[in-house]
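Here's a quick briefing to read alongside the model. Have the structure open and follow along topic by topic.

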Amino acid sequence: MTENTNTLMDKLAALAKRRGFVFQSSEIYGGINGFWDYGPLGVELKRNIKEAWWEDVVRKRDDIVGLDCSIIMNPRVWEASGHLVNFNDPLVDCRKCKARFRADKVFMVVVKDGENEILRAGVEADTREQARELATANANSKTRRRLEKGGEGLSWVIDRAERLSSGTRASLTLIHTEPDGSKFEEGTAPGSKCPCPLCGGELTDARKFNMMFKTFVGAMEDSSAVAYLRPETAQGIFANYKNVLDSTRLKTPFGIAQIGKSFRNEINPRNYTFRSREFEQMEIEFFCHPDEADRWYQYWRQARYDWYVGLGLTSSKLRLRDHQKDELAHYARACADIEYEFPFGINELEGIANRTDFDLSEHQKHSGKDLTYFDDETKQRFIPYVIEPSGGVDRAALAFLCEAYTEDTAPDENGVPQPRTVMKFHPRLAPVKAAVFPLVKKEGMPEVATGIYRELQKAGLSCFYDEKGAVGRRYRRQDEAGTPFCVTVDGQTLQDQTVTIRDRDSLRQDRIAASQALAYVRERLGR
Ligand code: GAP
């Protein structure tokens with residue numbers, strides 16, 4: 001992470017805490033790594049994200065229904081799904097400082113000038129490019145200057161610590177820096193140990209670590225009572241597929257959608273809420289005929305990308321990236337990630353996968369229950385293929401927070417431009433839709449303002465009444481909360497029953513009839 005991205009994330013985290021978006025879980029006891037709480041504004045933001053998703057993928061469609069499953073399920077579910085065997089992350093420990101890392105997120109970077117090694121470092125990163133950047137930034141000043149100038153004549157060796165375990169001949173990537181930029185070239189080099197990213201000590205070999213949280217059901221704490229907190233909501237959908245089919249008149253293609261908590265004992269939770277141990281997922285399992293799976297995969301890939309753009313993530317920061325064969329999960333035939341350019345790097349927001357008939361076939365095998373689908377029209381019996389758009393609520397919330405965070409200037413009461421921080425949320429996601437102020441706390445203004453506030457509140461809009469302090473400061477507070485509209489009752493209101501409505505982004509103030517305030521806000525919210 002560079003100094004700038006750090007600063008932006010630090011500023012965002014400070015605002016999120018100060019204004020009640022995100023708090024560290026159990027902060028008064030020093031917190032707990034990988035767990036986060038959402039404050040009064042954060043919980044509204046999260047609910048709005050979930051409601052927008054539910055409205056768009058369930059309520060507005062004829063072919064998708066909802067479901068709400070238990071978090072703890074029969075442990076045989078996880079045997080069938082492959083999670084007991086395959087849901088592992090590679091883990092390495094530092095023998096010296098005892099720090100623990102996900103081996104696929106630690107890279108060894110070696111830079112050579114001919115035979116001479118001028119840099120050897122371990123860095124935590126998501127990609128080789130990032131590893132290269134970080135290693136350059138952390139190098140001693142002489143080496144850094146040389147690398148920043150293009151590093152002509154130097155050769156780089158970069159590989160994941162996971163692949164550098166002893167016993168395997170590490171397959172390394174050589175990057176020859178060319179004068180016109182850098183060029184990646186696959187090659188091999190003998191394996192070697194990766195230094196610890198924190199202290200430079202020696203890392204252990206990578207070993208597998210199952211990420212499911214274990215618990216016990218009932219009074220006995222023996223192996224027969226072991227159960228797991230679900231690591232994805234998807235399996236509850238597969239386990240209920242027959243129940244949903246039998247209780248509805250759905251025909252393929254159809255989908256089942258679920259929003260709920262998932263838990264993963266991540267080795268190294270990081271980047272604020274981005275990788276947490278407890279998080280919420282919004283998942284659709286879309287069941288279709290195998291012959292139509294490719295078409296639906298393409299459909300959902302695009303539909304989910306468009307959903308984020310429609311809610312204000314600028315398309316220049318969003319991208320769709322198809323997985324390489326070696327990245328695919330054990331159940332997937334194809335997968336694309338919707339990625340967002342967070343201040344700490346480009347990272348996954350949502351994945352769209354073609355899970356084939358893997359899950360239903362496995363559950364059929366393990367449960368002994370018939371999970372085939374019979375098509376009345378074609379008289380065909382088959383196990384449907386599944387296209388799965390799977391997104392994280394917390395990741396979406398983080399992306400919307402990052403996108404919304406803006407520093408600009410706005411005139412104060414005297415018309416002098418002042419710096420302001422404003423959260424430019426899409427109105428559909430804004431935690432508070434409108435704030436209502438009396439200009440002063442006298443002359444009947446609070447009574448009129450309270451009337452408007454109650455009217456908005458009764459209409460189901462999340463709104464806020466504020467009569468404390470200078471009006472400019474009240475605007476600033478709402479800007480930081482991301483409130484799109486501020487309704488102000490002033491002297492003129494008492495004469496002609498009009499109010500001003502200030503737009504958060506353009507700062508334009510419209511004067512309208514007080515009786516029209518609700519209609520004005522509703523129209524702009526599209527409700
Ligand atoms: N059912 C498929 C599945 O769970 P995944 O790529 O492991 O696939 C889907 O997770 C989404 O869940 C991710 O794109 C991300 O938004 C969210 N997610 C996964 N792990 C997470 C974590 N540790 N913290 C926050 N969100 C996470």
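**Briefing: sheets, cysteines and ligand**

Strand 26 and strand 27 run antiparallel and pair over four bridges; two strands pair if DSSP finds at least two bridges between them. Helices (H or I, at least four residues) and strands (E, at least two) are DSSP runs, numbered from the N terminus. This is a predicted model, where local features need pLDDT of at least 70 and side-chain atom pairs count only at pLDDT 80 or more, while totals for chains, interfaces and linings use all residues. Residues are numbered from 1 along each chain as its sequence is written, and side-chain values use heavy atoms, with hydrogens and water left out.

**The five-stranded sheet**

- Strand 26 and strand 27 belong to an open sheet of five strands, ordered 25-24-26-27-28, with mixed pairing.
- Strand 25 (463-465) and strand 28 (509-513) sit at the edges with a single partner strand each, so one side of each has no neighbour in the sheet.
- On average, neighbouring strands here are turned by 25 degrees against each other, direction ignored; axes are lines fitted to C-alpha atoms, for helices over the stretch in contact, and angles run from 0 to 180 degrees between N-to-C directions.
- Helix 13 (residues 471-481) packs on this sheet and touches strand 24 (434-438), strand 25, strand 26 (485-489), strand 27 and strand 28; contact means heavy atoms within 4.5 Å.
- The direction of helix 13 makes about 170 degrees with that of strand 24.

**Zooming in on strand 27**

- Five of the six residues in strand 27 are buried, so to speak mostly covered; buried means under 20% relative accessible area, exposed over 50%, and partly exposed in between (1.4 Å probe, protein chains only).
- On the strand 26 side, Val 487 has Ile 501 of strand 27 as its bridge partner.
- Strand 27 (residues 498-503) is also joined to strand 28 by five bridges, and these two run antiparallel.
- Across that pairing, Thr 498 stands opposite Ala 513, and Thr 500 stands opposite Arg 511.
- Strand 27 and strand 28 make a hairpin with five residues between the strands, and Leu 507 in this hairpin takes a positive phi near 65 degrees.

**Strand 6 and its partners**

- Strand 6 (residues 106-113) is mostly covered, with six of its eight residues buried.
- Eight bridges link strand 6 to strand 7 (residues 116-124) in an antiparallel arrangement, and Val 106 has Glu 124 in strand 7 as its bridge partner.
- The hairpin of strand 6 and strand 7 has two residues between the strands, and Gly 114 in the turn has a positive phi of about 65 degrees.
- Strand 6 also pairs with strand 8 (residues 155-160), antiparallel over six bridges; there, Met 108 is partnered with Asp 159.

**The seven-stranded sheet**

- Seven strands form another open sheet, in the order 3-14-15-21-18-17-16, again with mixed pairing.
- Strand 3 (64-66) and strand 16 (318-322) are the edge strands, each pairing on one side only.
- From one strand to the next, the twist averages 25 degrees.
- Strand 17 (residues 334-342) and strand 18 (residues 345-356) run antiparallel and are joined by nine bridges, with Ala 336 opposite Ile 352.
- Helix 2 (residues 40-59) packs on this sheet, touching strand 3, strand 14 (254-263) and strand 15 (278-288), and its direction makes about 160 degrees with that of strand 14.
- Helix 11 (residues 393-404) packs on the sheet too, touching strand 14, strand 15, strand 17, strand 18 and strand 21 (385-392); its direction makes about 35 degrees with that of strand 17.

**Cysteines**

- How many disulfides are there? The count comes to zero, taking a disulfide as a pair of cysteine sulfur atoms within 2.5 Å.
- The sulfur of Cys 194 has its closest cysteine sulfur 8.5 Å away, in Cys 196, which is too far for a bond.
- For Cys 486, the closest cysteine sulfur is in Cys 463 at 12 Å, also too far for a bond.
- Cys 194 counts as buried at 5% relative accessibility, and Cys 486 counts as buried at 1%.

**Around the ligand**

- The ligand is surrounded by 21 residues, the closest being Glu 232, Arg 264, Ser 276, Glu 283 and Glu 348; a residue is near a molecule or strand if one of its heavy atoms lies within 4 Å of it.
- A polar side-chain atom of Glu 283 lies 2.5 Å from a ligand nitrogen atom.
- Gln 281 has a side-chain N or O atom 3.0 Å from an oxygen atom of the ligand.
- Phe 274 places a backbone N or O atom 3.3 Å from a nitrogen atom of the ligand.

Key:
Polar contact = N/O pair within 3.5 Å; in protein donor to acceptor, adjacent residues only side chain to side chain.
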